[in-house]
Amino acid sequence: MGVFVYLIIMLPFLIFALVLSQGKGTFLIAGFNIMSQDEKDTYDEIALAKFMGKMMYGYCFCVLLWVLNELFHTQWLFIVGLVLFVVLTIFLMIYMNTGNRFKK
């Protein structure tokens, strides 16, 4: 049962990753979609979308580890996936908010 729940969770992450990694779908990025058009014009939308797509693939990998945990009944896979999820999130927050990396 848990495997199906994790797969249902992973499916939207994978769809978002596919869309964003093509440089499209910036309207899916929280915060960016509520900016005024003038603010959006100061950002490189394609680079931002591609970076977020890579991060979504990372989150998919974390959920995949949780699926494998359910299949093989090993607690360490869940712990590794959870730690990786937290580390990815912290990295995302720091990387996105420092250095003006996605400004034009």
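A residue counts as buried when its relative accessible area is under 20%. The exercises below apply this and related criteria to a predicted model.

**Exercise 1. Describe the overall make-up of the protein, from its helices and strands to its extent and burial.**

Solution. Begin with the secondary structure: the protein has four helices and zero strands, and reading along the sequence gives the pattern α-α-α-α. Next take the extent, for which the C-alpha trace spans about 50 × 25 × 20 Å along its principal axes. Then turn to burial, where 31% of the 104 residues count as buried. Finally, consider the contacts between residues at least 6 apart in sequence, of which 63% join residues at least 24 apart.

**Exercise 2. Determine how helix α1 is oriented relative to helix α3, and what kinds of residue make up their contact.**

Solution. First locate the two elements, α1 at residues 2–21 and α3 at residues 45–72, whose axes come within 8 Å and cross at roughly 165°. Since angles over 145 degrees count as roughly antiparallel, α1 is therefore roughly antiparallel to α3. The handedness is a separate property, and here α1 passes α3 in a left-handed crossing. As a last step, sort the residues of this contact by type, which gives 22 nonpolar, three polar and two charged.

**Exercise 3. Check whether the length of helix α4 agrees with its number of residues, and identify its buried residues and what they pack against.**

Solution. Helix α4 covers residues 75–97, and its 23 residues, at 1.5 Å a residue, should span 33 Å; the expected span uses one less than the number of residues. The C-alpha atoms at the two ends of α4 lie 34 Å apart, which agrees with that expectation. Applying the burial criterion within α4 then picks out L77, G81, L88 and L92. To interpret such a spacing, recall that an α-helix has 3.6 residues a turn, so residues three or four places apart point the same way. The buried residues of α4 pack against α3. Just after α4, the backbone at G99 takes a positive phi of about 80°.

**Exercise 4. Decide whether N69 is buried or exposed, and list its contacts beyond its neighbours within four places in sequence.**

Solution. Place the residue first: N69 is found in helix α3. Its relative accessibility is 8%, so N69 counts as buried. Setting aside the neighbours within four places in sequence, the residues in contact with N69 are T74, Q75, L77 and F78. One of these, L77, has already appeared among the buried residues of α4.

Notes:
Residues numbered from 1 in each chain as written. Predicted model: local features only at pLDDT ≥ 70, side-chain atom pairs only at ≥ 80, totals over all residues. Heavy atoms only, no water. Axes fitted to C-alpha atoms, helices over the stretch in contact; angles between N-to-C directions. Parallel < 35°, antiparallel > 145°, perpendicular 65-115°, else oblique. Left-handed = near helix turned anticlockwise from the far one by under 90°. Nonpolar A, V, L, I, M, F, W, Y, C, P; charged D, E, K, R; others polar. Buried < 20%, exposed > 50% of the residue type's maximum accessible area, 1.4 Å probe, protein only. Contact = heavy atoms within 4.5 Å.
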